[in-house]
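Thanks for coming. I will walk through one chain, part by part, and I will keep to what the model shows.

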Amino acid sequence: MKKLKKLIMGLTSILFVSTSCSNDELKYDSYTVKSLDFQLNGVPWNLNVGISTRPLFIYKEDGNYFANYSSLYPFSLENGKYKLVATDFPEQMIPSPTNLNELIVTQPALANQHVNLSDAVAYNSPFEEPLTLNIITRTGILRLKSQDVIADRSYSTIKTTVTVKRSGFKVSDATYVKEDMFVTRSKATASGGINYTDDFILFQTGEEANNVRVKIECLDQNMQVVKTKIFDTAFPIEGSKVTNVDFFLNQP
C-alpha cells in the first residue's frame, strides 16, 4: 500500500513538472506586436478611431495568407516568420485571401481607382524591432484638358483610348506586370469640345519605354467617328502626381 502511495505521488509530481514546463513553453509561443507604424507616401498615417477598416495583411513566410488586422489595436502573432503588407484601400486592393506570391493588383479598367500598397516587408518573432510600413501610391493621374474656345457641334461624344504598358502590380516583389492594355472611356459633350476635361488614374511608368499614348475620337449622335486626334508624344505618369496634357480638339 505504501509503495502504491509513493508511486501515485511520484506520478503526480512528474505530471505537475510536465504541466509547468508546458505552461512555460506556451508563454513563448506567441508575441505581442507593439512597435508597428504606418505611413502614406512617407507621411505618418493611421485610421481614425471607430473605423472598422483593416489595412494590415499578414502572410506566412511561404506566402500563404494568415490574417487581416486593424492598425488601431495591439495583436499577437505565433512564433515564426511573416511578411506584412499594408493599404488604405483594403477592400479594393485585396478583396479576398490570396497567396502573396500570386497577388497581382490589376490596372482598374475604368482608370478611376488609385493603387496604394506598401512593399511586402519581412517581420520575424519575437517582433522586438520597430517596423514601419510605408503605403505607396503606385499610380498617378493623366489629366486631359481641351483648350478650345470655338465649339464643333458635329460631335456629341468624346471617346478616349489610353494605351498603357503596365497592366498590374505584383505585391510580393513590388514589380509591375508588363503587358499592353487599352483603357477606354467615352464622355458626352454638349459644348462641342469646349471645357472637355478627363482624368485617368494609371500605373506610374518609370522608364520612358512605358510612357502612355493617347487617341481621341469624336463621335456623332450615331456613334460614328467624325474626327480623330492621335498624340505624337507619349506621356510619363508619376506616382501620386498629375501629368497635365492641354490640347485643341477643334483645330486642324
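**Overview of the chain**

What you see here is a predicted model, and its chain has 2 helices and 18 strands. There are 252 residues, and 38% of them count as buried. If we take contacts between residues at least 6 apart in sequence, 69% join residues at least 24 apart.

A word on confidence. The average pLDDT of the chain is 89, and 88% of the residues score at least 70. Residues 1–28 have a pLDDT below 50, and beyond near neighbours in sequence this stretch makes 1 contact in the model. I will say nothing further about that stretch.

**Strand E13 and its partners**

Let us go to strand E13, residues 157–170. Is this strand mostly covered or mostly uncovered? It is mostly covered, with 10 of its 14 residues buried.

Which strands pair with E13? I will take three in turn. With strand E14, residues 175–188, the pairing is antiparallel and runs over 12 bridges. One pair to look for is Thr157, which stands opposite Ala188 in E14. E13 and E14 form a hairpin with 4 residues between the strands, and in that hairpin Ala174 takes a positive phi near 55°.

Next is strand E16, residues 213–219, which runs antiparallel to E13 and is joined to it by 7 bridges. Here Thr160 stands opposite Ile216 in E16.

The last of these three is strand E8, residues 104–106, which pairs with E13 in the antiparallel sense over 3 bridges. Thr106 has Gly168 in E13 as its bridge partner.

As background, strands of a sheet pair through backbone hydrogen bonds, either parallel or antiparallel.

**An open sheet**

Now a sheet elsewhere on the list. It is open, has 4 strands in the order E3-E2-E11-E9, and its pairing is mixed. Why is one side of E3 and of E9 left without a neighbour in the sheet? Strand E3 (43–44) and strand E9 (116–117) stand at the edges and each has a single partner strand, so one side of each stays free of a neighbour there.

For E9, one pairing is with strand E11, residues 131–137, in the antiparallel sense over 2 bridges. Leu117 has Ile136 in E11 as its bridge partner.

**Strand E6, two faces**

Strand E6 covers residues 75–78. Its covered face holds Phe75 and Leu77, while Ser76 and Glu78 make up the uncovered one. Strand E1, residues 30–33, runs antiparallel to E6, and 4 bridges join the two. Phe75 appears again here, as the bridge partner of Val33.

**The largest pocket**

I will finish with empty space. Rolling a probe the size of a water molecule over the atoms shows where such space is left. In this model the largest pocket has a volume of about 250 Å³.

Which residues lie nearest its centre? They are Arg54, Phe57, Asn68, Pro90 and Glu91, out of 13 that line the pocket. By class, the lining has 6 nonpolar, 5 polar and 2 charged residues. Strand E5 (65–69) and helix H2 (90–93) each supply at least two residues of this lining. The largest share, 3 residues, comes from H2.

That is the tour. Thank you.

How values were computed:
Residues are numbered from 1 along each chain as its sequence is written. This is a predicted model: local features need pLDDT of at least 70, side-chain atom pairs count only at pLDDT 80 or more; totals for chains, interfaces and linings use all residues. Side-chain values use heavy atoms; hydrogens and water are left out. Buried means under 20% relative accessible area, exposed over 50%, partly exposed in between (1.4 Å probe, protein chains only). Two strands pair if DSSP finds at least two bridges between them. On a 1 Å grid over the protein atoms alone, a cavity is a set of points where a 1.4 Å probe fits but cannot get out, and a pocket is an open set with protein on both sides within 12 Å along at least five of seven lines; lining residues have an atom within 4 Å of a point. Grid points are joined across faces, edges and corners, and a volume is the space filled by probe spheres set on the points. Ala, Val, Leu, Ile, Met, Phe, Trp, Tyr, Cys and Pro count as nonpolar, Asp, Glu, Lys and Arg as charged, and the others, Gly among them, as polar. pLDDT is the predictor's confidence in each residue, from 0 to 100. Contact means heavy atoms within 4.5 Å.
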